[in-house]
Every structure is written in C-alpha cells, then in structure tokens.
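Q: Could you walk me through one part of this fold in close detail? I would like to follow a single element outward, from its end to its partners and then to its start.

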Amino acid sequence: MPKVTGYAVQNASDHLRPWSFDRRDPRPHDVAMAITYCGICHSDIHQARNEWTGDSIYPMVPGHEIAGVVTGVGTAVTRFKVGDLVGVGCFVDSCRTCANCKAGFEQYCIETPSLTYNGRERDGVTPTMGGYSTAIVVDEHYVLRMPATLPLDASAPLLCAGITLYSPLRHWKAGPGLRVGIVGLGGLGHMGVKIARAMGADVTVFSHTARKQEEALRLGAHHFHDSSQPDVFTKLAQTFDLVINTVSAAIDWNQYLELVRLDGTMVVVGIPQAPVSMKAQSLLGARRRLAGSAIGSIAETQEMLDFCDHHRLPADIEVISIQQVNEAWKRVLSSDVRYRFVIDMETLKA
Ligand code: NAP
Ligand code: ZN
Ligand code: ZN
C-alpha cells in the first residue's frame, strides 16, 4: 500500500492540516478502497477537540462517512471486487467473539469496536485513521455496499447520520400512527426526518433555529416547533411516542421528556461534552423511558442503505474541497449546515 495523504489534527487545539501516513498492506480478508467522498460528522469535531473521553489519539485523521471505489481485494475476499462502490462507517472491526458481536450488534462490542479513527486495531496498539484521506484498507466484513440509485456523495452521510437515526426508529417501531419528535435539525436530524417520514410516522421537528421551519417541512416533517418558545413544551406535553434527541450540546432533557406520553421513550443520540442533569419526576411522571442508541450494526447499516436506496433518500449535502474543511467545521459548530458537508477527496490530490 503506498503512503496515503490526508488531513489531520496533531492535538486538541490544532487546525486540520495535510499529513501523510501508511495504511497496512491488504490482508487476505481486506478490501482496499480509494476514497471519493467523506462526510463531516459533528463527532469528528468532538473527538478532534478531545471533548468526550479525554484520551483522544493524535495525530488524528477524522472521517467515518467514507464512500469510494474498491481498488484491490485480498485473496480470501468473496463479497467485493475491484470497481465496486463501497462504504465504511464508524467502525472497522470488533472482537467478533463477545455476546454482542455474536448477536450481530458489533457496534456494542463489549471489547470496544475498533473505531474508524481515534481508535485502535484489534492488536490494541495500532491507531486507526479515518476518511479525510485518499485511501483506506478494511476487513470485508466491515465494508458496506452503497446505494445504486443515489449519488455517491449524497450517500456518504448515510454511513453515520443515516444509520444513527434509522436504528432507533426501527427499534422503537416508527410507522403509521406513531408520533415521532426529532430534536435538532442538523446532519443526524435531517436524516431522521426523511427516514421517519418514509417509515410512515407522524414527524415533528424541534429546532432552536426558527428559520429552518420551511426546510424541515420540505425534508418531510409534518410539524415544526421553535424550541426557544417556552410554551411549546407545555402545549405539547405527553403527545409523543418517541422523541429522538440529536443535539450536540447539553440542553435540558427534562423539557423534552415532558413531551413523551405514557410508556413512551426518549432516545438520546447526541453526545454533549458536559453531563446533563435529570429529574426523577421527568421519568416517573408518565412511566417514561430514557434510552440511548449508538450507530447500528453492519447488517442494519446495509439494511438502511438499501432502505434509503429504495425510498430515494439521499442526504442533503454541501460538497466542499478539503481546503475548506476548517471553515466547514466552524459552520457545523454554529448550526449552519444544510445538512451535511461532504468532502470531495479529489481535491486532496490538488
Ligand atoms: P450537527 O449537524 O451539528 O447537528 C446538531 C444540531 O443540534 C444542530 O444543527 C442544531 O439544530 C442543534 N443544536 C446545536 N447546538 C445546540 C444548542 N446549543 N441548543 C439547541 N440545539 C442545538 O451534528 P450531527 O453531526 O447531527 O451530530 C449530532 C450529535 O450526535 C453530536 O453530538 C454527535 O457527536 C452525535 N452523534 C452520535 C452518534 C451515535 O451513534 N449516537 C452518531 C453520530 C453523531 P437546530 O438548529 O435545528 O436546533
Ligand atoms: Zn458520525
Ligand atoms: Zn465484541
């Protein structure tokens, strides 16, 4: 494998800058791919800024919405061939032997999945490097087949934003008759709206950006509420079966729990840096459940890609050059993204 070029941060306060590194030579079960597009997830920024665990690994090449073309396969690969359009999401391996891996939930691997970046390969030593780069090598079990009818650039964000909303929507059975609230209309939220609508649910967006109303409705929401208006929460108390909170900041979860009806659920997928405080009454007042959900398994991610292909659900994207990536990160931080930035990796060769 030749040296790969990418953009990396060298520490928690660094800008993304060009950086070269080595990928491993393909092993028998590996797929080598040229990266054509990579989406920008808010998690890229959280991890680059070391906001979650305090032990981010540097240098860090972020990127886990990776779409591209197979350029080579190991001798034992059966599912892919050179020229196939493929994708890689948030993890590139897992232990494969724990109860969760065996049950097909690799994303909840008890031994910790090998994250696509800011993680370690199964040797526990080698740092993983993500998709803000020209090429990647991944075991075929962790490689996805991309939708045939959607543009590749607009499919890349499905690999994290898409699956992170599809999985809880499926698990909590979004469909006709179910009232679903999506909190935050960013990368994750906008895919949540599209997918929940396609599943047949009644979809409401809660946004702190009032000017997103028109777009929320265009994306498929039936209703829109500006969450900065305090009477919203009293007016709509106990009217939702499922509320999915995608917000990247520490907002008041108690307010949103009040929206959930008897025996309903609020699912947290946004990962704020700061802990969020909870009142017991917010749960027991209507026998509510508070749950979390992380991305999805490989099988479920493929199911989601096929679902989005069938229902024609690309992400709404703004394609940028790699040279614009630091500016794009600033815009993500100010909730100014419509609705996912996708980096054109050709520009990395410039
Ligand atoms: P994003 O594009 O930045 O969207 C987040 C949205 O949250 C914003 O567009 C904004 O929507 C709302 N928001 C942001 N700051 C806010 C504030 N201070 N108060 C109220 N609302 C605010 O981010 P994303 O890529 O969708 O990711 C969202 C979160 O999910 C991140 O924390 C990310 O790390 C996490 N994540 C989790 C998983 C998982 O597996 N659970 C997977 C991927 C990402 P409005 O303008 O509409 O209010
Ligand atoms: Zn992500
Ligand atoms: Zn495992």
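A: Lysine 173 follows helix 4, and its phi is positive, near 60°. Please keep in mind that this is a predicted model.

Now let's step back into the helix itself, which runs over residues 161-171. Helix 4 is mostly covered, with nine of its 11 residues buried. Those buried positions are Ala161, Gly162, Ile163, Thr164, Leu165, Tyr166, Ser167, Pro168 and Leu169. What do they pack against? Their partners include two helices, namely helix 5 and helix 10 (298-311). They also pack against strand 10 (179-183), strand 13 (240-245), strand 14 (260-268) and strand 17 (340-344).

Helix 5 deserves a longer look. This helix spans residues 187-199, and it packs with helix 4 at an angle of about 45°, the two axes lying 8 Å apart. An angle from 35 to 65 degrees counts as oblique, so helix 4 and helix 5 are oblique to each other. Their crossing is right-handed. On the helix 4 side, the contact is made by Ala161, Gly162, Thr164, Leu165, Tyr166, Leu169 and Arg170. Helix 5 meets them with Gly187, Leu188, Met191, Gly192, Ile195, Ala196 and Met199. Several of the helix 4 contact residues are also on its buried list, among them Leu165 and Tyr166.

The other end of helix 4 leads to a metal site. Which residues hold the zinc ion (ligand 2)? Cys41 through SG, His64 through NE2 and Cys160 through SG coordinate this ion, at 2.0 to 2.2 Å. Along the chain, these donors follow the spacing C-x22-H-x95-C. The two cysteines link distant parts of the chain, 119 residues apart. Cysteine 160 sits in the loop between helix 3 (152-155) and helix 4, while cysteine 41 sits in the loop between strand 3 (30-39) and helix 1 (42-48).

Are these cysteines buried or exposed? Cysteine 41 counts as buried because its relative accessibility is 3%, and cysteine 160 counts as buried at 4%. Elsewhere in the chain, cysteine 109 is buried too, at 6% relative accessibility. As for sulfur pairs, the structure holds zero disulfides.

Technical notes
Residues numbered from 1 in each chain as written. Chains lettered and ligands numbered in written order. Predicted model: local features only at pLDDT ≥ 70, side-chain atom pairs only at ≥ 80, totals over all residues. Heavy atoms only, no water. Disulfide = S-S within 2.5 Å. Buried < 20%, exposed > 50% of the residue type's maximum accessible area, 1.4 Å probe, protein only. Donors = N, O, S within 2.8 Å, 3.2 Å for Na, K, Ca; no water. Helix = DSSP H or I, 4+ residues; strand = E, 2+ residues; numbered from the N terminus. Axes fitted to C-alpha atoms, helices over the stretch in contact; angles between N-to-C directions. Parallel < 35°, antiparallel > 145°, perpendicular 65-115°, else oblique. Left-handed = near helix turned anticlockwise from the far one by under 90°. Contact = heavy atoms within 4.5 Å.
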